[in-house]
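Open the model in your viewer and keep the sequence panel visible. This tour goes from one selection to the next and says what is found at each stop.

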Amino acid sequence: MRLIAFVVPAALVLSGPAVAEWKELASVSEGFGVVFPADPDVEDVAMFEVVPGKMVPARIYSARYDNSLFKMTVVDGRDAGLQEAPVIEQAIKRLTQGGEVKINFPHRIYRIYGRQLSIARPNDSLTTAAVFFANDRLYQIESTKLAGGTNSDLIRFQQSLTFDRNVANRTPQQMQAIRAACVGINANPAGLDDPRCVRK
């Protein structure tokens with residue numbers, strides 16, 4: 001299937017000594033949108049190990065700006081018979097290798113549920129990432145702050161990720177069960193282990 005992606009300027013400006021022209025990358029065929037601080041490089045990977053022993057194609061969008069690295073990886077698992085749990089487990093293992101996990105929380109964008117991570121590296125860099133499995137694809141967004149980078153850029157990149165609001169990777173019954181298992185101020189928890197929830 002032909003992949004279609006286009007970049008349009010976003011009317012968003014950051015203050016500071018170096019101002020990026022943040023631009024939205026909207027990949028219709030891959031079902032996501034994200035905002036980069038610069039035009040990303042695009043790399044097509046024919047053999048990406050999505051789970052041990054299984055290779056599938058992937059596309060990696062990446063950009064470097066102001067001492068930070070920004071990356072969006074889309075792994076195409078259609079027709080590969082993949083299951084969410086092992087795909088997410090392998091993604092987390094790959095992301096956290098050689099680092100110290102500071103955060104590993106459930107995460108949700110609209111009706112797509114995944115995990116959010118923060119990993120400290122030995123070189124004093126910090127990686128913030130999130131992983132989702134939907135549309136038979138692994139979506140992996142990650143930003144790494146190097147020396148001199150800013151947290152605001154990492155947060156902005158992470159929070160810009162969007163999916164089609166009509167797509168869900170949980171059934172209505174599963175989403176209701178997650179909400180029912182939590183009480184307190186959080187009306188829409190991201191998972192049963194959401195730290196914002198007070199378990200019944």
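**Stop 1: strand S10 and its neighbours**

Select Leu-126 and then Lys-145: Lys-145, in S10, is the bridge partner of Leu-126. Keep in mind throughout that this is a predicted model.

Now select the whole of strand S9, residues 126-134. S9 pairs with S10 in the antiparallel sense, over nine bridges. The two strands form a hairpin with two residues between them. Click on Asn-135 in the turn, where phi is positive, at about 55°.

Next, add S6, which is residues 68-76. S6 and S10 also pair in the antiparallel sense, over nine bridges. To find one place where they meet, select Asp-76, which stands opposite Arg-137 in S10.

Stay with S10, residues 137-145. How many residues of S10 are buried? Nine of the nine are, so S10 is largely enclosed by the rest of the structure. In a regular strand, side chains alternate between the two faces of the sheet. Select Arg-137, Tyr-139, Ile-141, Ser-143 and Lys-145 for one side of S10, then Leu-138, Gln-140, Glu-142 and Thr-144 for the other. Both sets are buried, and both faces of the strand are covered.

**Stop 2: aromatic rings**

A pair of aromatic rings is described by the distance of the centres and the angle of the planes. The structure holds seven aromatic pairs. Select Phe-70 and Phe-157: their ring centres are 5.2 Å apart and their planes stand at 70°, so the pair is edge-to-face, an angle over 60 degrees being what that term requires. Phe-70 lies in strand S6 and Phe-157 in helix H2 (residues 151-159), so this pair ties together parts that are 87 residues apart in sequence. Are these two residues buried or exposed? Phe-70 has a relative accessibility of 1% and counts as buried. Phe-157, at 0%, counts as buried too.

Move on to Tyr-139 and Phe-163, another edge-to-face pair, with 4.9 Å from centre to centre and 65° between the planes. Tyr-139 belongs to S10 and Phe-163 to strand S11 (residues 162-163), and the pair links parts of the chain 24 residues apart. Both Tyr-139 and Phe-163 are buried. Add Phe-32, Tyr-61 and Phe-132 to the selection: ring pairs link these residues with Tyr-139 and Phe-163 into a cluster.

**Stop 3: the nonpolar cores**

In soluble globular proteins, nonpolar side chains tend to be buried together. The largest nonpolar core here has 23 residues. Select Phe-32, Phe-36, Met-72 and Leu-161, the residues with the most contacts inside this core. The elements that give two or more residues to it are S2 (21-27), S3 (32-36), S5 (54-65), S6, S9 and S10. Of these, S3 gives the most, with four residues.

Centre the view on Leu-161. What is Leu-161 in contact with, leaving aside its neighbours within four places in sequence? Its contacts are Phe-32, Gly-33, Val-34, Met-72, Ile-109, Phe-132 and Ile-141.

Apart from the largest core lies another, of 21 residues. To locate this second core, select Phe-48, Val-75, Ile-88 and Ile-119, which are among its members.

**Stop 4: two cysteines**

Finish with Cys-182 and Cys-197. Cys-182 is buried, with a relative accessible area of 7%. Cys-197 counts as buried at 12%. A disulfide is a covalent bond between the sulfur atoms of two cysteines. The count of disulfides in this model is zero.

Technical notes. Residues numbered from 1 in each chain as written. Predicted model: local features only at pLDDT ≥ 70, side-chain atom pairs only at ≥ 80, totals over all residues. Heavy atoms only, no water. Phe/Tyr/Trp six-rings, centres within 6.5 Å; stacked < 30°, edge-to-face > 60°. Buried < 20%, exposed > 50% of the residue type's maximum accessible area, 1.4 Å probe, protein only. Disulfide = S-S within 2.5 Å. Pairing = 2+ DSSP bridges. Core = buried A, V, L, I, M, F, W, Y, C linked by side-chain atoms within 4.5 Å. Contact = heavy atoms within 4.5 Å.
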